[in-house]
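Colleague: Could you take me through one part of this model in detail? I would love a close look at the sheet in chain B, with a word on chain A for context.

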Amino acid sequence: MKKIQILGTGCPKCNKLAENAEAAARELAIEYQLEKVTDINEMMKFGVMVTPALAIDGQVKVTGKVADVGDIKKMLA
Amino acid sequence: MKIFGALATIFIVAYVLPLGNPKVQAAVQEAFRLLQWYARNHTLACVVPALFIAGAIVTFLSKDSVVRYLGPTANVPLAYAVASVAGCVLAVCSCSVLPMFAGIYSLGAGLGPATAFLYSGPGINVLAIFLSARVLGFEIGAGRFIGAVVFSVVIGLLMALVFRSGERAKAAAAAQMPEPEKPRRSIGKTALFLASMILFLVFSDWYNPGNVVVKTTDGRQFEAVTIHETKDAIRFQLEEDLGENRTGDKVTLRKSDLADVQERKTWVIRLHHIRWYLAGLCALAVFIMAWRWYERDEIREWMHNTWEFAKLLVPLLFGGVFVVGFVSMLLPEKQVAQYVGDNALGSNLVASVIGAFWYFATLTEIPITQALMKLGMHKGPVLALLLAGPALSLPNILVIRKVMGNAKTIVFIALVVVMSTIVGMLFGAIWG
C-alpha cells in the first residue's frame, strides 16, 4: 500500500501531476491511496517550496514540475 | 462543475439580455469593437510572441535555481535582488507564488525576501508588462515594471525592519532541495536565446509616436503629434505654440486646410519603419538557436508549455476585454471621474485600496484600467491601481494571513497601499 500525496494549490499543473501519478500506480497495479495536500502550512511541513510536488510514503520525490507517468512508475517501483 | 457554471451564466445572460434597449445595443457594439481592436492590434505582435517567451522561460529556466538563492543559507542582499525579479522566471502562473512565498518565509531566507517576492511575483511578467506598455501607454508600462521591482525591495526591507525582533526560528523541516539537475547548456546560451525573443517583442511592438511637421494652406508651419485621423480631419497635439493654442493643446484641423504633413525623422520613427526587419532578424536568430542548441524533446516541451499558457490566458484576456467593453458603456462617465478623475491624494488612495482588495484575474487588469482611463481616470491613480492590484487581493490576503499572522499581514497591506498611493501621485504629477 503506497501513499501518494500531491502538494499544490489546485492549479492545472497539480491536477495534471495527480492524473499522471494515478495512471502510473494503475499501470503498476499496486494498491495506493492518493491524497491532495492543498493547505499551505501542511506543504511547509514537507519542506516543499515549489509546487506542484509529489510525495510517496511521506518522502518528497518531485518538486516544481509535472513528472510524467514513466518517471513516477520508477519512483513507485 | 466550473464549466457548467460558465455555460449556465452565458445561457442566462443570453436569455435575459434586453437587446431592444439602445444603451445595451451600444454596449454590445462597444464590446465587439474593443475585442476587434485587441485582435487587430495586440494579438499577433504582442500576445502571441509573449506566450512563446513565457513558455520558454518555464521550460528552460529552472525554478530550483531561483529557490536556491532564497533558501535558508541565502546571502541576504542577493536574496532581495533575486526575490524582486523572480516574478519573471515564474512567468504568468500566479498559483505558484503563494506556496513559494510561504516556503521562503518559513523555511528559507525569511520575512524580508519573502514579502519582496510576494509583492513582485505576480506583478512582473513579460506579458503583463508588454501589454500594459502597449495598451495603456509606454510610461505606464515602464512605471509598472520599475515600480514593481523597486517596491518589492523597499517593502521587503521595511517588513524586515518592523518585525526584526520577531523573526521566529526556522521551521524544523529543512527545505528539501532537489539535487540540482545538470544544466544541459551554459546559462549564457539560455540567456541569449531568451534575450533574442524579448528583442523580437520589443521591435515588433515598436510604437510610432506620430511626430509630424504640419504645413497649413495659409502658410503656417508647426510641430505636433498626430492623435488620430478620420476621413477628412486630423487631430493633433501641439508641440509648439500655434496662435492662441499653447504647447500640449489638442486641435482638430480639416484635411482641406492642410498643405503637407511630414513625418519628423526622429530615431524612434526611423526604427518604427524598419521594425519588421529587425524583428525578423531576431526571429531568425531564435530559430537557429532552437535548431542548433536544443533537443527535440525540449522544443516539444516548450511548445507544450506555450500551449498551456495560451489555454489559460487567452480566454481570460479576450473574455475580460469583451466584458469590460460591455460594462464600460453602461457605467456613467461622471461617477468614475468623480472618484479618480484627478491626481489628488484621495483619488490615488481610492485606487490603491480598491487595487489591494479586488481580485484581478491574470491580465484582466489591463482592459479594466483601459476602460477606466477612457471614463476619465487620471494616470496617477491608474498606476496606483496597477501597483497595488496584482500583488494583493482578498482571497490571497486570507492565505497570507494564515502563513504570517495578522500583524504582519496588516503592515504588509498598509505598506502596499501607502506606497502605491505616493508613487501614483508622483507619477501623475510628472506624466499626467
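Modeller: Happy to; the sheet comes first, then chain A. This is a predicted model, where local features need pLDDT of at least 70, side-chain atom pairs count only at pLDDT 80 or more, and totals for chains, interfaces and linings use all residues. Residues are numbered from 1 along each chain as its sequence is written, while chains are lettered from A and ligands numbered from 1 in the order in which they are written.

In chain B, 5 strands form an open sheet in the order E4-E3-E2-E1-E5, with antiparallel pairing. Strands here are DSSP runs of E with at least two residues, and helices are runs of H or I with at least four, numbered from the N terminus; two strands pair if DSSP finds at least two bridges between them. Strand E4 (250-254) and strand E5 (258-263) of chain B form the edges, each pairing on one side only. On average, neighbouring strands of this sheet are turned by 45° against each other, direction ignored, with axes being lines fitted to C-alpha atoms.

Now to one pair within it: strand E1 (residues 211-216) of chain B runs antiparallel to E5(B), and 5 bridges join them. Opposite Thr216(B) stands Leu258(B) in E5(B).

For context, chain A has 3 helices and 4 strands, which follow one another from the N terminus as β-α-β-α-β-β-α. Of its 77 residues, 44% count as buried, that is, with 20 or more other C-beta atoms, placed from the backbone, within 10 Å of their own. The C-alpha atoms of chain A fill a box of roughly 30 × 20 × 15 Å along the principal axes.

Note on methods. Buried ≥ 20, exposed ≤ 12 C-beta atoms within 10 Å, placed from the backbone. Axes fitted to C-alpha atoms, helices over the stretch in contact; angles between N-to-C directions.
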